Amino acid sequence: MSEELAQGPKESPPAPRAGSREVWKKGGRLLSVLLAVNVLLLACTLISGGAFNKVALYDTDVFALLTAMMLLASLWTLFYLLRTVRCPNAVPYRDAHAGPIWLRGGLVLFGICTLVMDVFKTGYYSSFFECQSAIKILHPLTQAVFVIVQTYFLWVSAKDCIHVHLDLTRCGLMFTLTTNLAIWMAAVVDESVHQTHSYDSSHSNTSHHRLAPDPERAGSSMGGDCLCNTAICQIFQQGYFYLYPFNIEYSLFASTMLYVMWKNVGRLLASSTHGHGHTPSRVSLFRETFFAGPILGLMLFVVGLAVFIIYEVQVSGEGGRTQQALVIYYSFNIICLGLMTLVSLSGSVIYRFDRRAMDQHKNPTRTLDVALLMGAALGQYAISYYSIVAVVVGAPGDLLGGLNLAHALLMIAQHTFQNVFIIESLHRGPPGVEPHGTIPKEPCHGLTFANLDALHTLPACPPTPRLVGPSPEGPQEAVAIILAPRGNWRRRCLKDISLFLLLCNVILWIMPAFGARPHFSNTVEVDFYGYSLWAAIVNICLPFGIFYRMHAVSSLLEVYVLS
């Protein structure tokens with residue numbers, strides 16, 4: 001007894017629950033990433049191999065793999081939805097930064113277009129059912145079910161920070177994300193293959209058909225001959241290929257939202273996380289703007305549509321007016337990119353006079369936005385630098401070569417300055433927050449939603465008064481209401497800039513997404529690199545450039561709302 005008193009009271013062993021939880025979180029993430037990598041590599045192998053006629057793989061093999069993946073992902077999604085409904089303590093927190101309304105709205109819009117594409121695709125393959133494999137009809141039907149289930153799942157669960165079945169949830173989210181990436185790759189490869197056949201047919205004294213299908217790929221796996229001769233079959237064929245861009249964007253939108261959900265599995269939140277990135281309760285499209293940005297942006301959008309139509313008609317025609325179409329196309333893009341560069345630079349200059357503090361809170365959504373903007377821009381960077389080398393070294397010395405060079409240089413400058421403006425905007429605190437964190441004029445409420453009934457089940461989450469619970473005044477008190485003094489010229493300028501850049505990015509997405517390929521119509525790069533190498537560069541890098549435009553639209557809409 002005396003020895004015990006001399007030694008003093010024994011210290012209780014530390015509870016390693018939080019540390020063990022963090023280590024196991026890393027292990028669960030590693031397990032899900034390994035699963036996703038292996039499945040994605042298998043899908044890449046089949047999709048890339050099925051794109052070449054000399055490889056003993058057929059599109060039916062690709063369709064079978066994608067169908068199986070979509071079925072498994074749909075079953076897991078239904079399990080998740082049922083589990084969260086039956087277990088009230090499954091989701092103790094909801095991340096207000098994740099799944100903003102404009103991102104979910106875009107997902108619904110692209111999902112509806114994907115369903116229309118599946119209808120056209122089913123009608124196309126049903127036109128010659130007698131010589132087709134049944135999997136080609138089953139695939140679009142399965143994809144329609146998958147799109148409906150996944151869209152509902154992301155609409156209601158995009159903000160979830162789930163705390164049950166952590167490893168199973170991480171693996172399920174990663175597998176669903178991989179399924180969307182596989183669908184994206186299949187659509188991109190299919191589009192590239194048909195663009196290649198379109199180029200070959202236009203350079204072999206035959207009629208130029210955009211996205212003309214490969215006859216061997218249209219046949220069955222046994223080499224059957226299926227001809228699309230009827231008018232209704234050709235309508236279905238052209239319809240579903242023109243809807244491919246929406247399917248591509250749907251897959252990418254869903255992948256980004258699933259990644260944020262995967263990062264939020266097991267995440268603990270507190271009310272100190274401010275609502276930078278959350279939509280105010282009331283949003284008016286042209287509220288508190290000078291109208292210069294929206295008007296100029298709409299003008300460029302309309303002119304861009306006209307230029308795109310002229311380009312498609314003249315390039316697809318047989319009158320030899322390709323060079324005229326390219327001059328019009330490059331001239332419009334040079335003007336648009338030049339204005340976007342100047343406007344983005346002006347926005348960055350305005351931020352030099354902005355007193356708002358930088359948002360330093362941990363935010364998986366914001367980190368992903370920045371990574372996607374920087375990573376997707378690399379695709380257009382690569383194409384531009386290849387074009388610059390071809391024009392400078394090849395030295396064509398004509399008008400078209402000069403326009404091509406100016407277009408490539410401005411494309412690099414525009415991506416750079418726009419990324420700087422968007423990233424700086426996304427990391428700014430809400431209006432009214434001073435650099436030292438004081439709020440002199442407007443209150444800024446926390447945005448973390450806490451399920452108080454489930455907090456006692458969390459081992460590493462002691463009760464804290466900082467958690468935000470349901471307000472007796474209604475759900476409106478759980479949303480950040482950002483109020484700033486009207487008449488602030490900096491805020492109005494930033495809103496005009498974001499709307500102008502948003503509209504310009506939309507038209508610059510429409511042009512390449514729906515078939516504008518000046519990279520092949522202009523023979524400078526084709527002659528310098530050879531068609532095979534140049535086609536590989538464009539087909540790999542251009543999809544990232546197209547995705548960059550739509551992701552920039554989503555980010556700029558958030559910048560507009562929070563300016």
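Helix α5 (residues 135-157) supplies the largest share of a nonpolar patch, 3 residues. This is a predicted model, and the patch in question lies on its surface. Its members are Ile-101, Tyr-152, Trp-155 and Val-156, which together have about 370 Å² of accessible area. Val-156, one of these residues, sits in helix α5.

From the patch we turn to charged side chains. The model has 4 salt bridges, counting a side-chain nitrogen of Lys or Arg within 4 Å of a carboxyl oxygen of Asp or Glu. One salt bridge joins the side chains of Arg-94 and Asp-160, with an N to O distance of 2.6 Å. This pair connects distant parts of the chain, since the two residues are 66 residues apart. Arg-94 belongs to strand β1 (residues 93-94), while Asp-160 belongs to strand β2 (residues 160-161).

The last stop is a pair of helices. Helix α9 (residues 244-263) crosses helix α17 (residues 531-562) at roughly 65°, and their axes come within 11 Å. The crossing of α9 and α17 is right-handed. On the α9 side, the residues in contact are Glu-249, Leu-252, Phe-253 and Thr-256. They meet Ile-546, Phe-547 and Met-550 in α17. By class, the residues of this contact divide into 5 nonpolar, 1 polar and 1 charged. Glu-249 counts as charged and Thr-256 as polar.

Conventions. Residues numbered from 1 in each chain as written. Predicted model: local features only at pLDDT ≥ 70, side-chain atom pairs only at ≥ 80, totals over all residues. Heavy atoms only, no water. Axes fitted to C-alpha atoms, helices over the stretch in contact; angles between N-to-C directions. Helix = DSSP H or I, 4+ residues; strand = E, 2+ residues; numbered from the N terminus. Left-handed = near helix turned anticlockwise from the far one by under 90°. Contact = heavy atoms within 4.5 Å. Patch = residues over 30% accessible without salt bridge, like charges linked within 9 Å, V, L, I, M, F, W, Y side chains within 5 Å. Areas by Shrake-Rupley, 256 points an atom, 1.4 Å probe, with all protein chains shown as cover.
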